[in-house]
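Trainee: Please take a close look at one part of this model with me, and then show me how it sits in the whole. I would like to begin with any covalent cross-link and work outwards from there.

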Amino acid sequence: MLERGGSAMDAALAVQLMLGLVEPQSSGIGGGTVLLAYDARSGQVSGYIGREQAPAAAGPGWFDDAQGQPLARADAMLSGRATGVPGTLATFALALQEHGRLPWAQLFDGTIATAEHGFTVTKRLEQHIHGRFPQASSADVRRFFDDGHGGLLQAGDTLRNPAYAATLRTLAAGGADAFYRGALARAIVARTADAPRPGAMTLDDLEGYRAEKVAPLCRPLRGYQLCSLPPPASGVGVLQLMALLDGTDIAQRGADDPQAWFLFAEASRLMYADRDRYVGDPRFTEVPVEGLLAPGYVASRRALIGPRAATAAPAAGRPAGAPAVPADTTDEPGGTSHFVVVDADGNAVSVTTTIESFFGSGRMVEGFFLNNQLTDFAWDRKDGRPGMANAIAGGKRPRSSMSPLLLLDGDGRLAGALGSPGGSAIPAYIGKTLAGLLYWDLPLDQAVALPNLVARGTRFDGEAERFSPALRTALRERGVDVRAGSGEDSGLHGIFLRDGRWEWAADPRRDGTAAFPAPRTPDATP
């Protein structure tokens, strides 16, 4: 798309369409998207939120069984009620109005051809096809990946998806409206209404969906402006984490210093405590964004970091403007995709996009999977605490950990872009990378490859074997016992301008890579 003269946003939609084909376990048009766009001509950063939205009928008890008890998470994810109204196509349609160059229909043809001719199943996709999570055993998943010989596709096999090609032809001709009205909309509603545990999404829910353009959330950091997205995304968490760290001596340390990782872990726990209590859909709940980022409040939280990690989970603070709401520790499974595009004119887009858990709800419509995003709400009422910021309600968007970033230099010019998939671990993945990049002066690829450590509540999950034995021992002496578990499989992608030269990185933990088209001008930005 860039070689055709398209913009970064044109290319971003083409990437999203292709990911829905070749990485269907993570994202697609049946899910939601949040993104940041940088316009090189004006220097402006714009945010777009296309988070999935609960049907109007949703409310307390949405995921209860016939006896009024909350469903097991596996049952909830596979139910028709797990699917929120998808926002991905509406988001790109809105963003392309300001940031697109090519005709809409041209953005679809490459993926249509690949869907028809087929692509080679990767090792990572094979792992998900044969996974042990609930969706892998769903009828739609097993039918879609059937190898025709009584088994399931393996790495190296060819997968074709003519139904997806037909869907994309419909969308190329009819625009995003063809998704939210007409035959595709009816198919989505019908599939969510199927047993077991049918949902209550309506055609009105789909037709009434609107993506939202929002002002980015920006704060200074180490000579840059760090910009992310406001709630229901978790940009406020990333910015608070970096503000907490910025008042410590972490910059005088390094990636082999246990005290640096201790500071990162304790700051992460404080950030998550606040985020889990206060972040939700600002159309439904008051989110104290300014209070959470106020220097005085951040300093008071930082003062809680002692010489040893507290045994109990940190409590949330009470920033200015904070409502009296209970905490919520809803966990988001580690699905999702992230990618960055920069065009030859210096326009950029940082995109995080998801169908929530692997293969979403496990339900497929016309060649694409439907999300299970509504299980990101605080719907498990066993603890009996009403009034959570992230409680489920009709028309509401669930809290998201997605936090795409753009970095601007002192003159307001693009200096970097970053982001990651990973469910609730996303703020920690991004924070770790920023620490390596801006505090420890590591090249971007080395910062991305640093071991992951996700400290939340009483847990310290991470890539334990990638920390040296001496460092792990020193952390354990400080009360941080890093254990292998959830929160390890990031998918960071980014670019960074250092000393006039671009660095780029794709997470070695996943299939991503960096690619550069032929520049249209000799001095073009790669």
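**From a cross-link to the sheet and beyond**

Mentor: Happy to. With sulfur pairs within 2.5 Å as the rule, the count for this model comes to one disulfide, and please keep in mind that the model is a predicted one. The two partners are Cys-218 and Cys-227, with 2.1 Å between their sulfur atoms. Look along the S-S bond and you will find an angle of 110 degrees, which makes the link right-handed. The two ends are covered to different degrees, because a residue counts as buried only under 20% relative accessible area: Cys-218, at 23%, is partly exposed, whereas Cys-227 is buried at 1%.

Keep those residue numbers in view as we turn to the strands. There is an open sheet of six strands, ordered E6-E7-E12-E13-E16-E17, and its pairing is antiparallel. Its edges are E6, residues 217-221, and E17, residues 501-506, each of which pairs on one side only. Direction ignored, neighbouring strands in this sheet are turned against each other by 20 degrees on average.

Two helices deserve attention here. Helix H11, residues 235-246, packs on the sheet and touches E6, E7 (224-228) and E12 (405-408). The direction of H11 makes about 15 degrees with that of E6. Helix H15, residues 426-439, lies across E6, E7, E12, E13 (414-419), E16 and E17. H15 runs at about 145 degrees to E13.

Now follow the sheet to the E17 edge. Strand E16, residues 493-498, is joined to E17 by six bridges in the antiparallel sense. You can check the register by eye: Leu-497 of E16 stands opposite Trp-502 in E17, and Arg-498 faces Arg-501 there. The hairpin has two residues between its strands, and Asp-499 takes a positive phi near 55 degrees in it.

It is worth setting that hairpin beside another one. E1 and E2 (residues 44-50) also run antiparallel, and seven bridges join them. This hairpin has four residues between the strands, and here Gly-43 is the one with a positive phi, near 75 degrees. For the register, use Ala-37, which stands opposite Ser-46 in E2. E1 has a further partner in E9 (residues 348-354), again antiparallel and again over seven bridges. The bridge partner of Tyr-38 in E9 is Ala-348. E1, residues 32-39, has seven of its eight residues buried, so the rest of the structure largely encloses this strand.

A helix makes a good companion case. H9, residues 183-192, is mostly covered, with seven of its 10 residues buried. Those seven are Leu-184, Ala-185, Ala-187, Ile-188, Val-189, Arg-191 and Thr-192. The cover over them comes from helices and strands alike, including H6 (139-144), H7 (162-174), H8 (177-180) and H10 (203-207), together with strands E10 (364-365) and E11 (368-369).

For a contrast, go to Ala-470 in helix H17, which covers residues 469-477. Ala-470 is exposed, because its relative accessible area is 59% and the cut-off for exposed is over 50%. Its C-alpha atom is separated by 9.6 Å from that of Asp-256, although 214 residues along the chain lie between the two positions.

Finally, step back to the whole chain. The protein has 17 helices and 17 strands. Its radius of gyration is 22 Å, close to the 24 Å that the globule rule gives for 526 residues, so the protein is as compact as a globular protein of that length. Along the principal axes, the C-alpha trace spans about 70 × 60 × 45 Å. Buried residues make up 60% of the 526. Of the contacts between residues at least 6 apart in sequence, 73% join residues at least 24 apart. On the outside, the protein exposes about 19,400 Å², and carbon and sulfur atoms supply 51% of that area.

Note on methods:
Residues numbered from 1 in each chain as written. Predicted model: local features only at pLDDT ≥ 70, side-chain atom pairs only at ≥ 80, totals over all residues. Heavy atoms only, no water. Buried < 20%, exposed > 50% of the residue type's maximum accessible area, 1.4 Å probe, protein only. Contact = heavy atoms within 4.5 Å. Pairing = 2+ DSSP bridges. Axes fitted to C-alpha atoms, helices over the stretch in contact; angles between N-to-C directions. Rg over C-alpha atoms; globule rule 2.2 N^0.38 Å. Areas by Shrake-Rupley, 256 points an atom, 1.4 Å probe, with all protein chains shown as cover.
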